[in-house]
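Colleague: I would like a close look at a single part of this model, taken slowly and with its surroundings in view.

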Amino acid sequence: IRNFDHWSTINEIANWDKTYINSQIVNYMLNPGFEEDLACWAVGDANGVNITSEKARTGEKSLVGRFPEGMQVYQIVDRGFFLDRTTLEVSAWIDSEQMSGNGVLTLEVTANYHGGHEKIYHIDIEAGDTKGWHQVSGKVALANISELKFVIVGLTGNATGGKLYLDDIVVALTHD
């Protein structure tokens, strides 16, 4: 769109303002609230991952990880990257009050570039004893965004016991 200066046509037909569009957060996650069960999500070896309707932040469903079995869910993002946005922000809403005090949620980002280069980022978040739903987040600065092929976003959880509820995941590219 930028290369061919189509914004004037888009503005004329759809009445979309380029400044407004550029300021919006685009959530790259498909099925971010698990309303379609595990559609678009890959589940790792963790047997403790299920979809539940017993507790949801929004909608009717959320993901629950049961421990000590563990939790591993992944999703691939392979299109729609904005070349002027180089910071990947990951956020999710969790309810960890039933998770043992030593529990950790890890936001994992694997960036795969043309030429086979890969970079893996880990952001560990201690579950703590916060009651109810609370938002957790992390940021990763991506290099060579023009060479980016795909990103795999993973959420893994480990604890000696209890449950972790997860809902409303957002993965967005933002300006530095």
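Which order do the five strands of the open sheet have, and is their pairing parallel or antiparallel? Please then dwell on strand S9 (residues 148–158).

Modeller: In this predicted model, the five strands of the open sheet follow the order S1-S4-S9-S6-S7, and their pairing is antiparallel. The edges of that sheet are formed by strand S1 (42–43) and strand S7 (118–126), each of which pairs on one side only. Strand S9 stands between S4 and S6 in this order, and its pairing can be followed on both sides. Toward S4 (residues 71–77), seven bridges hold the two antiparallel strands together; among the residues involved, Gln72 has Thr156 as its bridge partner in S9, while Tyr74 is partnered there by Gly154. Toward S6 (104–113), S9 is joined by ten bridges, again in an antiparallel arrangement, and one of the pairs on this side sets Thr110 against Ile152 of S9.

S9 is also mostly covered, with eight of its eleven residues buried, and the strand is among the elements that give two or more residues to the largest nonpolar core, as are S4, S6 and S7. That core has 38 residues, and those with the most contacts inside it include Leu148 and Leu155, together with Met71, Leu142, Leu166 and Ile169. For Leu148, once its neighbours within four places in sequence are set aside, the contacts are with Phe81, Ala111, Asn112, Tyr113, His114 and Leu142. In soluble globular proteins, nonpolar side chains tend to be buried together.

Terms used. Residues numbered from 1 in each chain as written. Predicted model: local features only at pLDDT ≥ 70, side-chain atom pairs only at ≥ 80, totals over all residues. Heavy atoms only, no water. Pairing = 2+ DSSP bridges. Helix = DSSP H or I, 4+ residues; strand = E, 2+ residues; numbered from the N terminus. Core = buried A, V, L, I, M, F, W, Y, C linked by side-chain atoms within 4.5 Å. Buried < 20%, exposed > 50% of the residue type's maximum accessible area, 1.4 Å probe, protein only. Contact = heavy atoms within 4.5 Å.
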